[in-house]
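I opened a notebook page for this structure. My plan was to look up rings, strands and pockets.

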Amino acid sequence: MNIDIEVPEGLNPSLTALGWLVGRWEGTGNGTDHEGNAFEFEQRIEFSHNGGDYLFYASQTFEIGADGAESVPSGMEAGFWRPQPDASLEVVLTSADGWTEVLVGKIAVTRIDLVTDAVVRTSSATVSHSAGQRLYGKVEGDLMYALDRATTEHELRPHMWARLKRA
């Protein structure tokens, strides 16, 4: 079995299990909003490091216009991915939509499973996000993910999924 794992130069040794994520990823995806409406989006994700024991994460999505080109920004989140010695992972994300989420999970080579531990929302949050689960994986060199979300209006259900290429 040949597992394609990259370890970027200068990466803190405690981040080796997440080294394959480092870099910029771009592509399109699909989703279902909190009202059940289907949508398509363009996305850019970047994982970077500065020598610390965490990865910095930034994701931005854009609506796709009628002409097929990206148009209006539709979402942005940023945060920190903090692997632990036992292959567990703590992720802290903040969304421009007015919520912060703490996720916990496991790293299994090029697969990462996460579930919500806590969510805090502002009074003006655009969505009443209350829980989620995420799956990230490296498939044929691409970053694939699926994100399920629950709100105060509905149970956990598929929200966004995409296959992104390294940029």
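How many aromatic pairs does the structure hold? I counted eight aromatic pairs in this predicted model.

I picked one pair, W81 and Y136. Their ring centres lie 5.1 Å apart and their planes stand at 80°, so I noted the pair as edge-to-face, the term for angles over 60 degrees. This pair links distant parts of the chain: W81 sits in strand β4 and Y136 in strand β8, 55 residues apart. I checked exposure too, and both W81 and Y136 are buried. Ring pairs also join W81 and Y136 with F47, Y57 and Y145 in a cluster.

Next entry: the strands.

I followed β8 into β9. The two pair in the antiparallel sense over ten bridges. Across that pairing, K138 stands opposite L143 of β9. β8 and β9 form a hairpin with two residues between them. In its turn, E140 has a positive phi of about 50°.

Is β9 mostly covered or mostly open? I found it mostly covered, with eight of its ten residues buried.

β9 also pairs with β10, in the antiparallel sense, over seven bridges. There R149 has R157 in β10 as its bridge partner. Five residues carry the chain through the hairpin from β9 to β10.

Last entry: the largest pocket.

I read about 500 Å³ of space in it. Of the 26 residues that line the largest pocket, T61, S74, D97, H159 and M160 are the closest to its centre. Elements that give two or more residues to this lining include β8 (129-139), β9 (142-151) and β10 (157-166). I sorted the lining residues into ten nonpolar, nine polar and seven charged.

Note on methods: Residues numbered from 1 in each chain as written. Predicted model: local features only at pLDDT ≥ 70, side-chain atom pairs only at ≥ 80, totals over all residues. Heavy atoms only, no water. 1 Å grid on protein atoms, 1.4 Å probe; cavity = no way out; pocket = protein on both sides within 12 Å on 5 of 7 lines; lining within 4 Å. Points joined across faces, edges and corners; volume = space filled by probe spheres on them. Helix = DSSP H or I, 4+ residues; strand = E, 2+ residues; numbered from the N terminus. Nonpolar A, V, L, I, M, F, W, Y, C, P; charged D, E, K, R; others polar. Phe/Tyr/Trp six-rings, centres within 6.5 Å; stacked < 30°, edge-to-face > 60°. Buried < 20%, exposed > 50% of the residue type's maximum accessible area, 1.4 Å probe, protein only. Pairing = 2+ DSSP bridges.
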